[in-house]
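Please open the model in your viewer and keep the selection tool at hand. The tour below moves from one selection to the next and says what is to be found at each stop.

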Amino acid sequence: GLRQLMQTIREARRYGGIIRFLIARLFYIDGLATLFAMGGVYAAGTFDMDATKVLWLGIMMSLSAGVGAAAFAMIDDRIGGKRTAILSLSCLIVLIITALLVTSAISFWVVAACLGLFVGPVQAASRSYLLRVVPADLRTQAFGLYALSGKATAFIGPIMVAGLTTLFSSQRVGMSIIAVLFVIGLSLLFTVPRDAPDSSSDRG
């Protein structure tokens, strides 16, 4: 298994744009994983939500993520996965910063619902981008690396949140690392090649 992984990495090195994309995704997916892992803790600690409210918050964000993914599917077909991911990440950065600044629970609920709308699209656009840019004979290996890049460093974000929260005695400061991860991922995403939108979406 390790030999096959190393062979895949050696082959993928011929495609620098794909490697840059996987590195970019590593950062922003780690940001999403941290949001999922620590969002409930933040809601409970900062806005005094009980377990039931945190559960409903998670359900609401899951539903809005599904709505967002469905709504952005046509946008992805029209402008491509890279631009869709950039648009979604840009909105996520603005919204996560807003979520860290609001002081009322109602405002936080509204911002959280809006956050969910862009969580689904950035994940779906990442998959569609890779599918379009990877040669057919490398798709299996590329999606293996894609899955690895989403899990290998998933522990880093929560550790950084815990460290910053302890250091500054503030959950808001701790959760700000999510915005940093999004910004790094977005910056790297600008350097990857653009994918071609689906020709089936062109009309007239």
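Begin by selecting helix α2 and helix α7 together, and turn the view until one lies in front of the other: α2 passes α7 in a right-handed crossing. In this predicted model, the axes of α2 (residues 16-47) and α7 (residues 156-168) come within 8 Å and cross at roughly 60 degrees, an angle that makes α2 oblique to α7. To see where the two helices touch, show the side chains of Asp30, Thr34, Ala37 and Met38 in α2, and then those of Ile156, Gly157, Pro158 and Val161 in α7. If you colour the residues of this contact between α2 and α7 by character, they divide into 5 nonpolar, 2 polar and 1 charged.

Keep Gly157 on the screen and add leucine 181, whose place is in helix α8 (residues 171-189). Leucine 181 and glycine 157 are 24 residues apart in sequence, and their C-alpha atoms are 8.3 Å apart in space. Is leucine 181 buried or exposed? At 6% relative accessibility, leucine 181 counts as buried, because the cut-off for that class is under 20%. Leaving out residues up to four places away in sequence, leucine 181 touches Phe27, Tyr28, Asp30, Gly31, Thr34 and Gly157. Asp30 and Thr34 were also selected at the contact of α2 with α7.

Next, hide these and select helix α4 (residues 81-101) with helix α5 (residues 105-133), whose axes come within 8 Å and cross at roughly 155 degrees. That angle makes α4 roughly antiparallel to α5, and the crossing of α4 past α5 is left-handed. On the α4 side the contact includes Gly81, Lys82, Thr84, Leu92 and Ala99, while on the α5 side Phe108, Phe118, Ala125, Tyr129 and Arg132 are among the residues that take part. Taken as a whole, the residues in the contact of α4 with α5 divide into 17 nonpolar, 5 polar and 2 charged.

From that contact, pick out threonine 84, which is found in helix α4. Threonine 84 counts as buried, at 1% relative accessibility, and apart from its neighbours within four places in sequence it is in contact with Phe72, Ile75, Asp76, Ile79 and Ala125.

One of those partners, isoleucine 79, is the next selection, and it is found in helix α3 (residues 51-79). Isoleucine 79 is partly exposed, with a relative accessible area of 23%. Which residues does isoleucine 79 touch, not counting those up to four places away in sequence? Isoleucine 79 touches Thr84, Arg194 and Pro197. Now add alanine 196 and compare the backbone positions: isoleucine 79 and alanine 196 are 117 residues apart along the chain, yet their C-alpha atoms are separated by 7.9 Å.

The following stop is about aromatic rings, of which the model has 6 pairs. Select tyrosine 42 and phenylalanine 108, whose ring centres are 5.8 Å apart and whose planes stand at 50 degrees, so the pair is tilted. This pair links distant parts of the chain, with tyrosine 42 in helix α2 and phenylalanine 108 in helix α5, 66 residues apart. Tyrosine 42 is buried, at 3% relative accessibility, and phenylalanine 108 is buried as well, with a relative accessible area of 7%. Add Phe47 to the selection, and you will have the cluster into which ring pairs link Tyr42, Phe47 and Phe108.

Then move to phenylalanine 143 and tyrosine 146, a tilted aromatic pair at 5.6 Å centre to centre, with 55 degrees between the planes. Because they are 3 residues apart in helix α6 (residues 139-151), these two rings' residues, phenylalanine 143 and tyrosine 146, are separated by about one helical turn. Phenylalanine 143 is partly exposed, with a relative accessible area of 27%, whereas tyrosine 146 is buried, with a relative accessible area of 6%.

Finally, clear the selection and show the whole chain as a cartoon. How many helices and strands does the protein have? The secondary structure comes to 8 helices and 0 strands, and buried residues make up 40% of the 204 residues in the protein. Of the contacts with a separation of 6 or more, 81% are accounted for by residues 24 or more positions apart.

Conventions:
Residues numbered from 1 in each chain as written. Predicted model: local features only at pLDDT ≥ 70, side-chain atom pairs only at ≥ 80, totals over all residues. Heavy atoms only, no water. Axes fitted to C-alpha atoms, helices over the stretch in contact; angles between N-to-C directions. Helix = DSSP H or I, 4+ residues; strand = E, 2+ residues; numbered from the N terminus. Parallel < 35°, antiparallel > 145°, perpendicular 65-115°, else oblique. Left-handed = near helix turned anticlockwise from the far one by under 90°. Contact = heavy atoms within 4.5 Å. Nonpolar A, V, L, I, M, F, W, Y, C, P; charged D, E, K, R; others polar. Phe/Tyr/Trp six-rings, centres within 6.5 Å; stacked < 30°, edge-to-face > 60°. Buried < 20%, exposed > 50% of the residue type's maximum accessible area, 1.4 Å probe, protein only.
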